[in-house]
Amino acid sequence: MNDLLVAKEQVRYEQKAYWRNPMAAVFTLAFPVVFLVVVGTTSGTSRVPGTTLRYDQYTVVAMLTFGLIAACYTNLAMSICLRRDSGMLKRMRGTPISIGSYLGGIIGSTMINVAVLAVLVVGIGMGFYHLHFPYHPAATVVTLLVGIVTFGAIGLAVTVIVPNADAAPAVVNGIYLPVVFISGVFYPLSNGSVLSRIAGYFPVRHMIEALVSAFEGGPGSGLRGHDLVVMLVWAAGALVFAARRFRWEPRHR
Amino acid sequence: MGPDHGGAPVAISVRGLTKSYGNTEALRGIDFEVRRGEVLALLGPNGAGKTTAVEILEGYRARDGGTVTVLGLDPERRDRSLRAKVGIVLQECAVDPYLTVTEAMTQRAGLYPSPRSVGEVVDLVGLEAKARARVKTLSGGQQRRLDLGMALIGNPELIFLDEPTTGFDPSARREAWDVVRGLCAEGRTVVLTTHYMDEAQALADNVTVIAAGRVVASGPPDTLGGRDHGVTRVRFALPSDTALGELPLPPHLTPRVRAGMVEFEIDEPTTVLHELTRWAIGRGEVLDGLAVNRPSLEDVYLSLTGEAAGVEGSGGGAS
């Protein structure tokens, strides 16, 4: 069997199942869009200090980050926990599929979801908030890819500490909501504040900063190496942890 | 009874298999063998170790000791070529609830080098009317049948069925049995665990009973635990106006009368039945409710597993 072909087929079935399950699409697409409309229209049009973006335009970047985390981290962690508890992972492991094809299918499907989200959110920003198309498209794509890898890896890692599917929402949201709040997703942080220094240890703030830089007009590639490196360090740590401790089966009943 | 598989090549060989979880010894050295084309039923109380044994054969668990080969390979190495030849039905229905029956089967078929046709397998497990229905809308019994279909789609040589008919209504069970019989008619090997003795009796060529981590008996269901040599129980209604002493029974028998039914056990019933029926015909009577039974598989199973539990309970050494 050709692993790549199998992975491609997996993407197709993951996509079918995703769009038929209203809950997943609501969390990853509807929430960011609604927040974007609500927060964006109340944010005003003055500039965010230290950037060339207006407050409402900043919200586009923030909600793109928020939606990406929902798609990669939250959705991935929840669906892995559910599949583990229902025995789907164990089932898969009894077939000749390679781990690469199976994970590749999930990640490929997630990338499509993020692309849909990006088009939707940036489109709204350009249509309603006078957002310019990202000045550095390549940097935008690279940053989004690093984001997918990072938050996907953390999503996999968090399944290790989730005891069962019932506990998944509490553990998964309990970890990410506080980080999202202190990282400036709902309101830009002022540089040098205590919160921004704490948020600097986590990947969410770096994702926003890197995206802001890719969206802004300015010299250079728009890539923020430092931010991307911090994210990739998180990704590597999470992957090592997941690879060592990942469970395919529910905990002993 | 099923064909003789004595000369067929070995599909599964288990020798001295041991496995512990912490201080609990789940398997204390078990041996058995399954030949190609054979149906083996693994019986045993919950916690006896049969699920552990099956999961080691399926490649889900690593063993502590002993040798295991499945289709000539060590399942612990989880070779893809072995996984492609094995179909597994687990106790949970584990299929994406948002796909349709046909989609789920097609997806699974795509993982195997030479799968069976999806339509054929959907028909085989009796889901043709539900082929376009989403998995989440299926009833519990239909999901179990889908599960069975998912295990067969890869055209496996060897199929593991873990309590395959639990929750089935009687007619669905008969249909599932027919599917299993069809599988061995095609030369496939089946290992099944079950709590239903009639299922083991109906399907299995051989039965292995595991209790407290050991094999306590193995053999064809008709001879298991000396069933074929066991005592026969004879029952019939005591004819009216007849005293027990008038019956033409050999003197060493000790018949009982319960609720108007005479009951006794005898090693070899041929002669006594002949005497009894001749006596009844001579008097122009019939023997109402006449029944001649050997101990059922369930009787043998209960005594075997009961003995094993007794050995454990007394803390005595095992044989």
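In strand S7 of chain B, Val191(B) is the bridge partner of Phe160(B), a residue of strand S6(B) that also has Ile88(B) standing opposite. The model is a predicted one, in which local features need pLDDT of at least 70 and side-chain atom pairs count only at pLDDT 80 or more, whereas totals for chains, interfaces and linings use all residues. Residues are numbered from 1 along each chain as its sequence is written, and chains are lettered from A and ligands numbered from 1 in the order in which they are written.

Strand S6(B) and S7(B), the latter covering residues 189-193, run parallel and are joined by 5 bridges; helices (H or I, at least four residues) and strands (E, at least two) are DSSP runs numbered from the N terminus, and two strands pair if DSSP finds at least two bridges between them. Between S6(B) and S7(B) the chain passes through helix H6 (residues 170-185) of chain B, giving a right-handed β-α-β crossover, a term that applies if, with the strands pointing away from the viewer, the path from the first strand over the helix to the second runs clockwise. Strand S5 (residues 86-89) of chain B likewise pairs with S6(B) in the parallel sense, over 4 bridges.

In S6(B), which comprises residues 158-162, 5 of the 5 residues are buried, so the strand is largely enclosed by the rest of the structure; a residue is buried if 20 or more other C-beta atoms lie within 10 Å of its own, exposed if 12 or fewer, and partly exposed in between, with C-beta atoms placed from the backbone. Leu158(B), Phe160(B) and Asp162(B) point one way from S6(B), while Ile159(B) and Leu161(B) point the other way, and all are buried.

Chain B also holds an open sheet of 4 strands with antiparallel pairing, in the order S11-S12-S10-S13. Its edge strands, S11 (256-258) and S13 (291-293) of chain B, each pair on one side only, and neighbouring strands of this sheet are turned by 20 degrees against each other on average, direction ignored; axes are lines fitted to C-alpha atoms, for helices over the stretch in contact, and angles run from 0 to 180 degrees between N-to-C directions. Within the sheet, strand S10 (residues 232-237) and strand S12 (residues 261-266) of chain B form an antiparallel pair over 6 bridges, where Phe236(B) stands opposite Val262(B).

Chain B as a whole contains 9 helices and 13 strands, and 38% of its 319 residues count as buried. Chain A, by contrast in its make-up, has 10 helices and 0 strands, and buried residues account for 46% of its 253 residues. The radius of gyration of chain A, taken over C-alpha atoms, is 18 Å, which agrees with the value near 18 Å that a compact globule of 253 residues would have under the rule of 2.2 Å times the number of residues to the power 0.38.

Where the chains meet, 19 residues of chain B are in contact with 17 residues of chain A, contact being assigned if the C-beta atoms of two residues, placed from the backbone, lie within 7 Å. On the side of chain B that touches chain A, helix H2 (80-83) and helix H3 (101-109) of chain B each supply at least two residues, and H3(B) gives the most, with 3 residues. The residues of this side divide into 10 nonpolar, 2 polar and 7 charged, where Ala, Val, Leu, Ile, Met, Phe, Trp, Tyr, Cys and Pro count as nonpolar, Asp, Glu, Lys and Arg as charged, and the others, Gly among them, as polar.
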